[in-house]
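Subject: Structure for you to look at

Hello,

Here is the structure I said I would pass on. My notes on what turned up in it follow below.

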Amino acid sequence: MWSAASIPEPARRPVRFVLVGAANSLAGLAAIYFCKLGLGLGDVAANALGYVFGLVLSFALNSTWTFEYRGAMLPAAMRFGAAFLAAYAANLALVLLLID
């Protein structure tokens, strides 16, 4: 029978990272559709809430399971948020640049 223990130690973190990313994507998308269809929110509000849900889930799973972080959570969450904002800003800038 397969178990997580059968994955060699050096490969566990990347495998966990991919699994968290997949779970985050599915859960974020489900949250967006729930907000749209279940709560009747508009596209922008539903998407924003889905992103927030996904960010919280990603931070929680990656910090506790993928990286097994044991330090102070508030500073770690602030760094996570800053990294997200930097990546989002770069993504948005490229999209706007490449549209025209």
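**The loop after α2**

E68 sits in the loop that joins α2 and α3. Bear in mind that this is a predicted model. The residue comes after helix α2, and its phi is positive, near 50°. E68 is not a glycine, yet it has that positive phi of about 50°. Most residues other than glycine have a negative phi. The relative accessible area of E68 is 43%, so it counts as partly exposed, a class that runs from 20% to 50%.

**R16 and its contacts**

What does R16 touch, apart from its neighbours within four places in sequence? The contacts are W65, T66 and E68. R16 itself belongs to helix α1. With a relative accessible area of 17%, R16 is buried, because the cut-off for that class is under 20%. T66, one of its contacts, is also listed among the buried residues of α2.

**The buried side of α2**

Helix α2 covers residues 43-66. Its buried residues are A46, G50, G54, S58, F59, N62, S63 and T66. Which helices do these residues pack against? They pack against α1, residues 9-38, and α3, residues 73-99. As for the spacing in that list, an α-helix has 3.6 residues a turn, so residues three or four places apart point the same way. A46, G50 and G54 are among the buried positions of α2, as are S58 and N62.

**The nonpolar patch**

On the surface there is a nonpolar patch of about 580 Å². Y51, Y88, L92, V95, L96 and I99 make it up. Which helix gives the most to this patch? That is α3, with five residues. L96 is a residue of α3, and its relative accessibility of 53% is the reason it counts as exposed, the cut-off being over 50%.

**P10**

P10 is part of helix α1. Is P10 buried or exposed? Its relative accessible area is 72%, so P10 is exposed. I also checked P10 against A46, which is one of the buried residues of α2. The two are 36 residues apart along the chain, and 38 Å separates their C-alpha atoms.

Regards

Notes: Residues are numbered from 1 along each chain as its sequence is written. This is a predicted model: local features need pLDDT of at least 70, side-chain atom pairs count only at pLDDT 80 or more; totals for chains, interfaces and linings use all residues. Side-chain values use heavy atoms; hydrogens and water are left out. Buried means under 20% relative accessible area, exposed over 50%, partly exposed in between (1.4 Å probe, protein chains only). Helices (H or I, at least four residues) and strands (E, at least two) are DSSP runs, numbered from the N terminus. Contact means heavy atoms within 4.5 Å. Patches are made of residues with over 30% relative accessible area and no salt bridge: like charges are joined within 9 Å, nonpolar side chains (Val, Leu, Ile, Met, Phe, Trp, Tyr) within 5 Å. Accessible areas come from the Shrake-Rupley method with a 1.4 Å probe; for residues, only the protein chains shown count as cover. A salt bridge is a side-chain nitrogen of Lys or Arg within 4 Å of a carboxyl oxygen of Asp or Glu.
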